[in-house]
Amino acid sequence: MAEWLSPAEWTALKLSLRVSFWATILSLPLAVMVAFVLARGQFRGKQVLNGLVHLPLILPPVVTGYLLLVLFGRRGPIGTFLEDTFGIVLAFKWTGAALAAAVMAFPLMVRAIRLAIEAVDPKLEQAAATLGASRAWTLAVVTLPLILPGIIAGSVLAFAKAMGEFGATITFVSNIPGQTQTLPSAIYAYLQVPGGDPAAFRLVVVSIFVAVVALLISESVAKRVARRIAGT
Amino acid sequence: MTLDVALTHRFSSFELDVAFTAERGVTALFGRSGAGKTSVINAVAGLLRPDRGRIDVSGTRLLDTATGVDVPAHRRRVGYVFQDARLFPHLTVRQNLLFGRWFSEAGNASSEFAHIVALLGIAALLDRRPGTLSGGEKQRVAIGRALLSAPRLLLMDEPLAALDEPRKAEILPYLERLRDELQIPILYVSHSVPEVARLATTIVALAEGKVVRLGPAAEVLSDPDAFPHMGRQEAGAFLLARVVGHDPADGLTRLEFSGGALITPLVEAEPGTRVRVRVRARDVLLALKPPEETSALNILPAVVNRIGRQDGAIVDVAIRCGSDDLLVRITRRSLLNLRLEPGKPCFAVLKSIAVSRRDVGVFETRPD
């Protein structure tokens with residue numbers, strides 16, 4: 001495969017994997033928290049939060065990308081703050097691509113985890129409390145293990161979404177080879193140049209391959225975990 | 001150890017207002033569904049916060065709404081056996097059993113584990129997962145899990161209600177052993193008279209959130225006026241007896257109690273074992289002279305003790321055999337025909353087959 005793909009195509013693939021990996025890993029804790037708040041919380045403004053989380057799913061990706069640019073760009077309020085305080089620059093960097101992918105994938109991840117939380121019987125948590133487990137311990141040894149299939153499903157879904165994210169990414173961080181040119185951006189770029197079709201086709205095949213492998217891995221892990229949790 | 005409970009709580013449909021003390025042994029919270037039984041033990045466990053109330057376990061205050069004391073559920077050290085077992089499905093039986101151990105600083109760990117596993121007969125299940133267990137097995141594991149969290153008292157919310165008759169019969173002996181072995185109070189919620197008659201040391205009868213009857217089980221169950229609250233069909237007292245011997249050829253067991261001998265269908269217990277025998281009021285016949293040439297094997301001399309309410313066709317009469325009280329259900333016409341009144345000698349006639357194996361439970365009193 002090393003000879004089959006050109007160095008530039010390799011770069012795009014590796015970048016895509018890196019972007020998607022970090023987008024998934026870093027948004028996971030926040031997604032679990034938000035999913036808990038949405039599943040269990042009782043407060044005014046819950047629907048507002050719910051709408052906000054789902055916004056990237058329904059907005060045109062280019063709009064999300066533009067909003068990210070406005071907020072996280074070098075002149076945006078959050079972008080300026082990050083650069084001044086931590087020296088982090090997102091605009092036109094692979095980290096920015098990861099942020100765009102994370103934002104776009106977030107609703108899918110939250111949704112899957114939230115469904116899993118809602119399926120957990122609160123009576124089991126009561127039982128844990130009567131056995132001496134504090135809320136934090138109950139979360140760690142009862143609730144989280146029980147929602148693990150949802151967390152895995154949400155993560156795979158988010159990873160796949162991140163691998164395929166195009167609109168918001170290209171709007172926010174452009175299409176710089178080696179820096180922000182992910183697989184979809186690269187495919188798009190190859191299709192714009194004469195004679196780029198074979199390269200685009202190769203990357204399409206790679207995209208399909210990565211997606212299928214991710215799905216198979218998650219299916220087998222989820223099946224094993226679900227069996228454990230079914231208690232058989 | 002002692003449990004003191006006094007609480008009031010306003011629900012949308014009724015108001016809970018109960019106060020009682022539970023000592024070592026089984027205190028049965030008895031009543032129809034909706035009487036507030038589960039709310040009481042949920043308040044004791046810390047799963048329900050009552051409007052007002054106070055709960056003490058052996059001098060430790062768990063709740064006092066007047067002073068704002070409210071120990072959170074996980075610090076109350078209260079073992080709770082739920083009706084639906086609630087085992088953790090992702091853990092093995094062993095991990096479920098040891099769950100409470102992680103959070104309590106219980107000493108003398110492994111020997112107690114082995115003891116409780118043996119007591120409940122769950123040694124063969126340890127490496128299995130809850131999903132593969134039968135209902136009765138799940139409930140025994142749930143009991144073990146609660147016991148191994150080193151509780152100061154044990155709460156049981158209709159632990160047998162979700163089980164069929166054979167499973168109930170499988171678990172009852174374990175509950176009897178717990179009652180006789182444990183030093184802590186057991187608060188047992190039930191709406192079943194047979195269960196209460198086999199297990200209870202003390203009965204707290206609830207109706208619409210209020211305590212309507214409270215006292216030692218033998219006393220409450222033989223009280224002819226307690227029955228509006230106890231369920232009419234199942235009414236009946238119990239006798240404390242001792243196994244004298246078996247007659248395998250006829251399939252009978254001979255028991256002895258304060259009022260004489262009692263012959264029942266074969267009981268699986270060694271001679272000398274103390275047993276509790278439930279006798280339903282409607283299974284006893286009253287006679288003024290000992291009947292002759294009858295099929296009934298038990299004819300016991302007795303004295304009429306108390307006569308219950310006479311406002312219907314049926315009257316409950318408490319009679320005394322030796323030092324035990326039996327409850328007899330007769331028609332008011334028979335009461336008048338026989339001119340029964342307190343102090344009048346009579347005979348209680350009991351068919352042996354009226355006592356089923358389910359009605360006999362092993363009962364060991366250990367010196368305190």
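## Chain A overall

Chain A contains 10 helices and 0 strands. Along the sequence the pattern is α-α-α-α-α-α-α-α-α-α. The model is predicted, and every value below is computed from it.

Taken along the principal axes, the C-alpha atoms of chain A fill a box of roughly 70 × 45 × 30 Å. Chain A has 232 residues, of which 41% count as buried. Among contacts in chain A with a separation of 6 or more, 75% are between residues 24 or more positions apart.

## Helices α3 and α5 of chain A

One helix pair in chain A is formed by α3 (residues 61-72) and α5 (residues 94-119), whose axes come within 11 Å and cross at roughly 130°. At that angle α3(A) is oblique to α5(A), because angles outside the parallel, antiparallel and perpendicular ranges count as oblique. The crossing of α3(A) past α5(A) is right-handed.

On the α3(A) side, the contact is made by A:Pro61, A:Thr64, A:Gly65, A:Leu68 and A:Phe72. The α5(A) side brings A:Gly96, A:Leu99, A:Ala100, A:Val103 and A:Met104. Sorted by class, this contact has 7 nonpolar and 3 polar residues, and no charged residues.

## Where chain A meets chain B

Between the two chains, 19 residues of chain A are in contact with 22 residues of chain B. On the chain A side, α6 (122-130), α7 (135-164) and α10 (197-230) each supply at least two residues. The largest share comes from α6(A), with 6 residues.

What classes of residue make up the side of chain A that touches chain B? They divide into 11 nonpolar, 6 polar and 2 charged.

## Strand β8 of chain B and its partners

Strand β8 (residues 153-157) of chain B is mostly covered, with 5 of its 5 residues buried. Both of its faces are covered. On one side the buried residues are B:Leu153, B:Leu155 and B:Asp157, and on the other they are B:Leu154 and B:Met156.

β8(B) pairs in the parallel sense with strand β7 (residues 78-81) of chain B, over 4 bridges. Strand β9 (residues 185-190) of chain B also runs parallel to β8(B) and is joined to it by 4 bridges. B:Met156 appears in both pairings: B:Val81 stands opposite B:Met156, and B:Met156 stands opposite B:Tyr188 in β9(B).

## Helices α4 and α5 of chain B

In chain B, helix α4 (residues 135-147) packs on helix α5 (residues 165-181) at an angle of about 20°, with the axes 9 Å apart. α4(B) and α5(B) are therefore roughly parallel to each other. The crossing of α4(B) past α5(B) is right-handed.

The residues in this contact are B:Gly135, B:Gly136, B:Gln139 and B:Arg140 from α4(B), together with B:Arg167, B:Glu170, B:Ile171 and B:Tyr174 from α5(B). By class, the contact of α4(B) with α5(B) has 2 nonpolar, 3 polar and 3 charged residues.

## Two antiparallel sheets in chain B

An open sheet of 5 strands in chain B has the order β14-β13-β12-β15-β21, with antiparallel pairing. Its edges are β14 (260-265) and β21 (360-362); each has a single partner strand, so one side of each is left without a neighbour in the sheet. Direction ignored, neighbouring strands of this sheet are turned by 40° against each other on average. Within the sheet, strand β12 (residues 236-247) and strand β15 (residues 274-280) run antiparallel and are joined by 7 bridges. B:Gly236 has B:Arg280 in β15(B) as its bridge partner.

Another open sheet of 5 strands in chain B is ordered β16-β20-β17-β18-β19, and its pairing is antiparallel. Here β16 (284-287) and β19 (324-331) are the edge strands, each pairing on one side only. The twist averages 45° from one strand to the next. Strand β17 (residues 298-307) and strand β18 (residues 314-321) of chain B run antiparallel, with 4 bridges between them. One of the bridge partners is B:Val317 in β18(B), which is matched with B:Ile307.

Definitions and conventions: Residues are numbered from 1 along each chain as its sequence is written. Chains are lettered from A and ligands numbered from 1 in the order in which they are written. This is a predicted model: local features need pLDDT of at least 70, side-chain atom pairs count only at pLDDT 80 or more; totals for chains, interfaces and linings use all residues. Axes are lines fitted to C-alpha atoms, for helices over the stretch in contact, and angles run from 0 to 180 degrees between N-to-C directions. Angles under 35 degrees count as roughly parallel, over 145 as roughly antiparallel, 65 to 115 as roughly perpendicular and the rest as oblique. A crossing is left-handed if the near helix is turned anticlockwise from the far one by less than a right angle, and right-handed if clockwise. Two residues are in contact if their C-beta atoms, placed from the backbone, lie within 7 Å. Ala, Val, Leu, Ile, Met, Phe, Trp, Tyr, Cys and Pro count as nonpolar, Asp, Glu, Lys and Arg as charged, and the others, Gly among them, as polar. Two strands pair if DSSP finds at least two bridges between them. A residue is buried if 20 or more other C-beta atoms lie within 10 Å of its own, exposed if 12 or fewer, and partly exposed in between; C-beta atoms are placed from the backbone.
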